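Work through the exercises below with the sequence and the model open side by side. Each task is followed by a solution in steps.

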Amino acid sequence: LTVTGGSSDYGGGICNSNGTLTLANMTISGNSATSDAGGICNYEDGVLTLTNTTLSDNSALYGGGIHNRGVLTLTNTTVATGSALYGGGIFHHAGTVILTNTTVSGNSSTSSGGGIYNHQGALTLRNSVVAGNTGSSNDDISGAYTPESSFVGSVDGDPMLTAVTDAGGRVLYYLPQPGSPLIEAGNNALAVDGDGNPLTTDQIGN
């Protein structure tokens, strides 16, 4: 399922407010918001779970791809080529964010947090990559975060990702090039879904 071409003040593509929303095998692309969350917003203690999903080319003032004020879980997900004043990929206003086997790359901010802007709240990266983003300050992540077998480009260097590509026209994603420090660097114990079950495939089903 693809959500594209939407526009709004809040949540150009999708807005989840004070609910529980679980989405899988989605593409959320080319949406915009005049304020928060070009792609998808998660407000008022909402619970949002995204699996095997790509967010790309979304734009807003706060959170080009996602704006979160609740519980946000991303698994096997790519957040790419978003743009915003703060948080080109993700703006985490409050609550909890957990990224598992997720890549945030190619996003930009005109102020801070090209990849992720963490205003306040818990941000945990598990087997995830946040690299290749740009901002006037804090290219990849602005604010506190906990890395667990993860790679943040502004701290760890060049992850040697390919350019963003597609899987037979289905979804956009990034691959590590030969010699990348990402290869064999993850922790299998962390590669689990929101219910704690081991992941058996990557984002495109391999």
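Two strands count as paired if DSSP finds at least two bridges between them. The model used here is predicted.

**Exercise 1. Find the pairing of strand 9 and strand 12: in which sense do they pair, and over how many bridges?**

Step 1. Locate strand 9 at residues 54-56 and strand 12 at residues 78-80.
Step 2. Count the bridges: strand 9 and strand 12 have three, and the sense is parallel.
Step 3. Apply the cut-off: at least two bridges are needed for a pair, and three are found here.
Step 4. Pick out one position: T54 has T78 of strand 12 opposite it.

**Exercise 2. Place strand 9 and strand 12 in their sheet, and state which strands stand at its edges.**

Step 1. Write down the order, which is 1-5-9-12-16-20-23. This is an open sheet of seven strands with parallel pairing.
Step 2. Read the ends of that order: strand 1 (2-4) and strand 23 (151-152) are the edge strands.
Step 3. Give the reason: each of these two has a single partner strand, so one of its sides has no neighbour in the sheet.

**Exercise 3. Describe the open sheet of six strands: what is its order, and which are its edge strands?**

Step 1. The order is 4-8-11-15-19-22, with parallel pairing.
Step 2. At the edges are strand 4 (20-24) and strand 22 (146-148), each of which pairs on one side only.
Step 3. From one strand to the next, the twist averages 10°.
Step 4. Follow the pairs inward. Strand 8 (residues 47-51) pairs with strand 11 (residues 71-75) over five bridges, in the parallel sense. V71 in strand 11 is the bridge partner of V47.
Step 5. Strand 11 also pairs in the parallel sense with strand 15 (residues 96-100), over five bridges. Here L74 stands opposite L99 of strand 15.
Step 6. Strand 15 pairs with strand 19 over five bridges, again in the parallel sense. The partner of V97 is L123 in strand 19.

**Exercise 4. Characterise A24: is it buried, partly exposed or exposed, and which residues does it contact?**

Step 1. A24 belongs to strand 4.
Step 2. Its relative accessibility is 43%. Buried would need a value under 20% and exposed one over 50%, so A24 counts as partly exposed.
Step 3. Setting aside neighbours within four places in sequence, A24 is in contact with T51, N52 and T53.
Step 4. Compare sequence and space for A24 and V152: they are 128 residues apart in sequence, and their C-alpha atoms are 25 Å apart.

**Exercise 5. Classify the aromatic pair of Y10 and Y43.**

Step 1. The structure holds five aromatic pairs.
Step 2. For Y10 and Y43, the ring centres are 6.3 Å apart and the planes stand at 65°. An angle over 60 degrees counts as edge-to-face, so that is the class of the Y10 and Y43 pair.
Step 3. Y10 is in strand 2 (residues 7-10) and Y43 is in strand 7 (residues 40-43), so the pair ties together parts 33 residues apart in sequence.
Step 4. Compare exposure: Y10 is partly exposed at 43% relative accessible area, whereas Y43 is buried at 9%.
Step 5. Add a further neighbour of the Y43 ring: the charged end of R69 sits over this ring, 4.8 Å from its centre.

**Exercise 6. Do the same for Y62 and F91.**

Step 1. The pair is edge-to-face, with 5.5 Å between the centres and 80° between the planes.
Step 2. Y62 lies in the loop between strand 9 (54-56) and strand 10 (66-68), and F91 in strand 14 (residues 90-92). The pair therefore ties together parts that are 29 residues apart in sequence.
Step 3. Y62 is partly exposed at 29% relative accessibility, while F91 is buried at 5%.
Step 4. Widen the view: Y62 and F91 belong to one aromatic cluster with Y86 and Y117.

**Exercise 7. Where does N127 lie, and what does its side chain contact?**

Step 1. N127 is in the loop between strand 19 (122-126) and strand 20 (129-130).
Step 2. With 16% relative accessibility, N127 counts as buried.
Step 3. Its side chain makes a polar contact of 3.4 Å with the side chain of N101.
Step 4. Beyond four places in sequence, the residues that N127 touches include N101, T102, E148 and G186.

Key:
Residues numbered from 1 in each chain as written. Predicted model: local features only at pLDDT ≥ 70, side-chain atom pairs only at ≥ 80, totals over all residues. Heavy atoms only, no water. Phe/Tyr/Trp six-rings, centres within 6.5 Å; stacked < 30°, edge-to-face > 60°. Helix = DSSP H or I, 4+ residues; strand = E, 2+ residues; numbered from the N terminus. Buried < 20%, exposed > 50% of the residue type's maximum accessible area, 1.4 Å probe, protein only. Lys NZ or Arg CZ within 6 Å of the ring centre and 35° of its normal. Polar contact = N/O pair within 3.5 Å; in protein donor to acceptor, adjacent residues only side chain to side chain. Contact = heavy atoms within 4.5 Å. Axes fitted to C-alpha atoms, helices over the stretch in contact; angles between N-to-C directions.
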